[in-house]
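Here are a few notes to read alongside the model. They start with confidence and then move on to the aromatic rings.

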Amino acid sequence: MGLLGLDENTELSTPLGASTCNWAGENVNSELSVVDLSVASWNISAVNNNPFEFWISTTDHKYNDLMRSVQEFMDNPHCNAPVHTIFTDAMFEELRDQLSRLYIADLDLLIQAWQCEYR
């Protein structure tokens, strides 16, 4: 079974907006093989209470002032908090340990970025 509970015998339809292409790769015998690959994507977001996700046109002056103020803050923040004051060293160590247990490659690059850029 695959990620979605499908196996190699499952037939999938190609919905509008999806694409089908051929992908050429090497198998374990180093022979060239061609496999059909069908992919699709869609927006699965839901209605939420985040007023800053969408800026609508309205005559409500309070709403427009709020949205302009938020935009101004994003464009010109009055103070910047260093990343390590929000995402602490202890949090980073926990993340690094979890990634290590998952055998994620190049953790040394992540550690270097943390120490040199975010710490």
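1. Confidence varies a lot by element: strand E1 (residues 19–26) has the lowest mean pLDDT among the elements, 44, and helix H3 (residues 89–101) the highest, 95. Here pLDDT is the predictor's confidence in each residue, from 0 to 100; helices (H or I, at least four residues) and strands (E, at least two) are DSSP runs, numbered from the N terminus.

2. This is a predicted model, where local features need pLDDT of at least 70 and side-chain atom pairs count only at 80 or more, while totals for chains, interfaces and linings use all residues. Residues are numbered from 1 along each chain as its sequence is written, and side-chain values use heavy atoms, leaving out hydrogens and water.

3. For the chain, mean pLDDT is 74, with 61% of residues at 70 or more. Over residues 12–30 pLDDT stays under 50, and the model has 26 contacts (heavy atoms within 4.5 Å) beyond four places in sequence for that stretch.

4. How many aromatic pairs does a search of the whole structure find? It turns up 2, counting Phe, Tyr and Trp rings (six-membered ring for Trp) with centres within 6.5 Å; planes under 30 degrees apart are stacked, over 60 edge-to-face, the rest tilted.

5. Phe87 and Trp114 pair edge-to-face, at 5.7 Å centre to centre and 80 degrees between the planes. Phe87 sits in the loop between helix H2 (83–86) and H3, and Trp114 in helix H4 (residues 107–118), so the pair ties together parts 27 residues apart in sequence.

6. Phe92 and Trp114 are stacked, 4.8 Å centre to centre with 5 degrees between the planes. Both are buried (under 20% relative accessible area; exposed is over 50%, partly exposed in between, with a 1.4 Å probe and protein chains only).
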